Amino acid sequence: MVKQFFKDKRGSASVEFVLWLPIFVLILVLVVNTSTVLHKQAKMYDAARDGARMVATGAMDVAQAELHVKAKFPQSGYIVDINPPAPDVGDTFQSRITVRAADIVPLAGSAVGALFGQGWVQAEVVMVREN
């Protein structure tokens, strides 16, 4: 009876599937969270560059550019900081957008979200005054 039990292979694929499924789901969730954070950070770089460009060319002052950048992120939690450029042409200044990682991670309330939810995500651009 015992020998027959160990020789019987029926159901072994189901057992292997059940053992591997949590690992595959964890990998999938990690990939989705990572890609979401990287996508949001790329959008932050684009917005920081856009705001800094507006100030560098003289199209907007610093306050207008900060409002312009903040309008691209209607969610709360985004900190936009554009340092005023020096008055001389050729001087550099910074544009920085910062957000808590927990605010942009899709599954921030889950155990996997806890891995990504610590710290801050930042996009910083340095521009040269052009006018």
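Okay, let's start with one residue: arginine 96 has a relative accessibility of 23%, so it counts as partly exposed. Keep that arginine in mind, because a buried residue would have to come in under 20%. One thing to say up front is that this is a predicted model.

So who does arginine 96 pair with? One partner is aspartate 81, and the closest N and O atoms of that salt bridge are 3.8 Å apart. Aspartate 81 sits in strand β1 and arginine 96 in strand β2, which covers residues 92-100, so this pair ties together parts of the chain that are 15 residues apart in sequence. Aspartate 81 is partly exposed too, with 29% relative accessibility.

Arginine 96 also forms a salt bridge with glutamate 124, and there the closest N and O atoms are 3.2 Å apart. That glutamate is in strand β3, residues 120-128, while the arginine is in β2, so to speak a link across 28 residues of sequence. Glutamate 124 is partly exposed as well, at 33%. Put those salt bridges together, and Asp81, Arg96 and Glu124 form one network through shared partners. As a general point, side chains of opposite charge can pair when their charged atoms come close.

Let me zoom out for a moment. The protein chain has five helices and three strands. If you walk along from the N terminus, you meet them in the order α-α-α-β-β-α-α-β. There are 131 residues in the chain, and 26% of them count as buried. The chain exposes about 8,700 Å², with carbon and sulfur atoms supplying 63% of that. And if you take contacts between residues at least 6 apart in sequence, 63% of them join residues at least 24 apart.

Back to the charges. How many salt bridges does the structure hold? It holds four. One that we haven't met yet pairs aspartate 50 with lysine 72, with the closest N and O atoms 2.7 Å apart. Here the two ends come from helix α2, residues 12-57, which holds the aspartate, and from the loop between α3 (62-70) and β1 (79-82), which holds the lysine; they are 22 residues apart. Aspartate 50 is partly exposed at 21% relative accessibility, and lysine 72 is partly exposed at 38%.

Now for the strands. β2 and β3 run antiparallel, and nine bridges join them. As an example, arginine 100 has tryptophan 120 in β3 as its bridge partner. β3 has two faces: Val121, Ala123, Val125 and Met127 are on the covered one, whereas Trp120, Gln122, Glu124, Val126 and Val128 are on the uncovered one. So Glu124, our network member, belongs to the uncovered face, if you go by that list.

Next, look at serine 95, which is also in strand β2. Is serine 95 buried or exposed? It's buried, with a relative accessible area of 1%. A polar atom of its side chain lies 3.1 Å from the backbone oxygen of alanine 48. Leaving out residues up to four places away in sequence, serine 95 touches Ala48, Ala52, Asp81, Ile82, Ala123, Glu124 and Val125. Notice that Asp81 and Glu124 turn up in that list, and both are in the salt-bridge network.

What about the nonpolar side? The largest nonpolar core has 24 residues. The ones with the most contacts inside it are Met44, Phe73, Tyr78, Ile82, Phe93, Ile97 and Val121. At least two residues each come from α2, α3, β1, β2, α4 (101-104) and β3, and α2 gives the most, with seven. In soluble globular proteins, nonpolar side chains tend to be buried together.

Tyrosine 78 is a good one to click on here. Setting aside neighbours within four places in sequence, tyrosine 78 is in contact with Lys40, Met44, Phe73, Ile97, Thr98, Val99 and Ile104.

Last stop: alanine 101, in helix α4. Alanine 101 counts as buried, at 4% relative accessibility. Its C-alpha atom is 5.9 Å from that of glycine 119, although these two residues are 18 apart along the chain.

If you take one picture home, make it arginine 96 in β2, joined with Asp81 and Glu124 in one network of salt bridges. That's it from me, thanks!

Notes:
Residues are numbered from 1 along each chain as its sequence is written. This is a predicted model: local features need pLDDT of at least 70, side-chain atom pairs count only at pLDDT 80 or more; totals for chains, interfaces and linings use all residues. Side-chain values use heavy atoms; hydrogens and water are left out. Helices (H or I, at least four residues) and strands (E, at least two) are DSSP runs, numbered from the N terminus. Buried means under 20% relative accessible area, exposed over 50%, partly exposed in between (1.4 Å probe, protein chains only). Contact means heavy atoms within 4.5 Å. Accessible areas come from the Shrake-Rupley method with a 1.4 Å probe; for residues, only the protein chains shown count as cover. A salt bridge is a side-chain nitrogen of Lys or Arg within 4 Å of a carboxyl oxygen of Asp or Glu. A polar contact is a pair of N or O atoms within 3.5 Å; within protein, one must be able to donate a hydrogen and the other to accept it, and residues adjacent in sequence count only if both atoms are side-chain atoms. A nonpolar core is a set of buried Ala, Val, Leu, Ile, Met, Phe, Trp, Tyr and Cys residues joined through side-chain atoms within 4.5 Å. Two strands pair if DSSP finds at least two bridges between them.
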